[in-house]
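Student: Could you take me through one part of this model slowly? I'd like a close look at the place where two of the chains meet.

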Number of protein chains: 4
Amino acid sequence: MHPGHDPTHAHGLHWKPRNPEYAARVRASFAAQGAMRTIRAELVGVAPGYCAIALKPHAAVSQQHGYVHGGIVSAIVDSAGGYAAFTLFPREASVLTVEFKLNLIAPADGDRILAEGFVVKPGRTLAVTRGEVHAERGDHRVLVAVMQQTLMVMHGKPDAPDAD
Amino acid sequence: MHPGHDPTHAHGLHWKPRNPEYAARVRASFAAQGAMRTIRAELVGVAPGYCAIALKPHAAVSQQHGYVHGGIVSAIVDSAGGYAAFTLFPREASVLTVEFKLNLIAPADGDRILAEGFVVKPGRTLAVTRGEVHAERGDHRVLVAVMQQTLMVMHGKPDAPDAD
Amino acid sequence: MHPGHDPTHAHGLHWKPRNPEYAARVRASFAAQGAMRTIRAELVGVAPGYCAIALKPHAAVSQQHGYVHGGIVSAIVDSAGGYAAFTLFPREASVLTVEFKLNLIAPADGDRILAEGFVVKPGRTLAVTRGEVHAERGDHRVLVAVMQQTLMVMHGKPDAPDAD
Amino acid sequence: MHPGHDPTHAHGLHWKPRNPEYAARVRASFAAQGAMRTIRAELVGVAPGYCAIALKPHAAVSQQHGYVHGGIVSAIVDSAGGYAAFTLFPREASVLTVEFKLNLIAPADGDRILAEGFVVKPGRTLAVTRGEVHAERGDHRVLVAVMQQTLMVMHGKPDAPDAD
């Protein structure tokens, strides 16, 4: 297992959401993202301070060597980190990515690419998350990318109209 | 104009390519990226140490508020930076993104989103680029994102089979 | 000259400060930083949206090969970027580094190390800057590092007590 | 405890060093860094894929509000990450920071600032680490900063002359 991976945290035992509807709100917001549909990304896990998004590699998301494009990897892990933070936001707030930094470590290839976002520090105005992307093939799991991200809490701006 | 934007550099007067076929190689590699086709990105400029990729906003690349998804912005500017570096590589080398960091500054919206990559430092093993993304509407141009990126020169590994 | 370097901008013709005392405030804040004194950094330039900090290499700031330590390079360019942003802040606000990303490109060695911060995007809550560090030897100038940074405007919190 | 902190990993059970002298080499290299002596940083832990550096806050490393300067925090966590990677390098190689990204999360204040570096991915040419900085006061521990870093393995270049 990847050092620093903490399955306890991954299952959301650490953080307390301020909005009991947090999972429904993440699902509604994700469903409103045309980009996620276009690349065929799926929301596969939501817990307080955690979000997981998966993608099955296919030609329409490839780079020139046939692997999943680094930009597509960044799109799903950026979203996973953003929604991980969003699970801890108050009801009347939306989320904005301020910035992120991504290291691409191994080719994104296999049966499934799984991007996970973990809250490192929730905050009143800013939140910090980290992300991991693994390529899964059968029982095997390879670390493909790691991310560190800053999000902004947009108070008084509910998310997409259909998010509530 | 954005501070730090240097149109002289943008037109490629600073750097000397080591491969006279640099532009054809970038075009071939770009054409081999399924992901760029899927999101309808177009290669609109190649010069030594420079690459520009454009995208017309459409619903299939949107996030929940209707703007172009930050992950899609990152995909085009990551590619623009990578190909900017690639223009200066020797013939028998391909390019790999080691990492990048992206600040999202304003909503990506308008007639056209233009991502430009500029080489900051070419190198034997590693190259550093910076990127800018602007949203254009009529004559108006807004800075949407800035990137700083590290690339690796993969010596002895030509790019996609169709790249030469 | 480094691509992207814009001497017009460096001399502060682009940005309008909201506080006419901006330069005095930067000087007072810099003088209150024990760390800058300890490493013998000097504030050598302040203009709207711009700040320059210099350091003469000496053994007390070296790493194991005798060059200036990357962490010391990061300390001066982090400060240069932070004060570049601070020049554009309103009177009753202080500055906080949210995060920065630094690429170390060449050994920091020579007669003088010059770190410059440039505002890319001022903002009501967040500001984005980029930084460049050059090593100077006689007339020669080598790009040593590039930075991209996010700052926070701390409204209602004046800087150090002695800053006004 | 901080999510993602993995004390098992911190004690070095995951990674196998290729050089049995790894700890002595880290100590010798650290001792050769004038900058670490100047800021009074101490090497307090070395294990395969792990390094810890501590600092007692004092006026000579402060910023304008009296906390430890963010640049000093970056200097110790950059070193901790670099030495974490270095523990896994072969004998005839030295380490170079390619780049790092640091989020500053809380003021660095207390009895002791502890910076820890953890290897995420060792590699033949590049290594990736992450870093955490905590401020300790009595039994209390606050997360002050998180880092993500890329290092280069400089094959055939032993570290400082006194490192072996």
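Tutor: Sure, let's look at chains A and B, keeping in mind that this is a predicted model. Start with the surface itself: 97% of the interface residues of chain B are also interface residues in chain A, so the two copies meet through the same surface.

How are the two copies related? Turn chain B by 180 degrees, with 0.0 Å of shift along the axis, and chain B superposes on chain A with an RMSD of 0.0 Å. That is the relation of a two-fold axis. If you want to find the axis from chain B, go to Lys101(B): its C-alpha is the one in chain B nearest the axis, 2.0 Å from it.

Now for the residues involved. Chain B puts 34 residues into the contact and chain A puts in 33. On the chain B side, the elements giving two or more residues are α3 (34-38), α4 and β3 (93-104). Sorted by class, that side of chain B has 15 nonpolar, 15 polar and four charged residues.

Let's take the helices next. Helix α4 of chain A and helix α4 of chain B, residues 70-86 in each, pack at about 150 degrees, and their axes are 8 Å apart. Angles over 145 degrees count as roughly antiparallel, which means that α4(A) is roughly antiparallel to α4(B). The crossing of α4(A) past α4(B) is right-handed. Who does the touching? From α4(A), the contact residues include Gly70(A), Gly71(A), Ile72(A) and Ser79(A), while those of α4(B) include Gly70(B), Ala75(B), Ile76(B) and Asp78(B). Counted by class, this helix contact has six nonpolar, eight polar and two charged residues.

Then there are the strands. β3(A), residues 93-104, pairs with β3(B) in the antiparallel sense, over five bridges. To see one of these pairings for yourself, find Leu102(A) and look across to its bridge partner in β3(B), Phe100(B).

Once you have that picture, hop over to chains C and D. Here 34 residues of chain C are in contact with 34 residues of chain D. On the chain C side, α3 (34-38), α4 (70-86) and β3 (93-104) each supply at least two residues, and the residues of that side split into 15 nonpolar, 15 polar and four charged. You'll find strand pairing here too: five bridges join β3(C) to β3(D), and the two strands run antiparallel. For a spot to zoom in on, try Glu99(C), whose bridge partner in β3(D) is Asn103(D).

Definitions and conventions:
Residues are numbered from 1 along each chain as its sequence is written. Chains are lettered from A and ligands numbered from 1 in the order in which they are written. This is a predicted model: local features need pLDDT of at least 70, side-chain atom pairs count only at pLDDT 80 or more; totals for chains, interfaces and linings use all residues. Copies are superposed by least squares on the C-alpha atoms of residues with pLDDT of at least 70 in both. Two residues are in contact if their C-beta atoms, placed from the backbone, lie within 7 Å. Axes are lines fitted to C-alpha atoms, for helices over the stretch in contact, and angles run from 0 to 180 degrees between N-to-C directions. Helices (H or I, at least four residues) and strands (E, at least two) are DSSP runs, numbered from the N terminus. Angles under 35 degrees count as roughly parallel, over 145 as roughly antiparallel, 65 to 115 as roughly perpendicular and the rest as oblique. A crossing is left-handed if the near helix is turned anticlockwise from the far one by less than a right angle, and right-handed if clockwise. Ala, Val, Leu, Ile, Met, Phe, Trp, Tyr, Cys and Pro count as nonpolar, Asp, Glu, Lys and Arg as charged, and the others, Gly among them, as polar. Two strands pair if DSSP finds at least two bridges between them.
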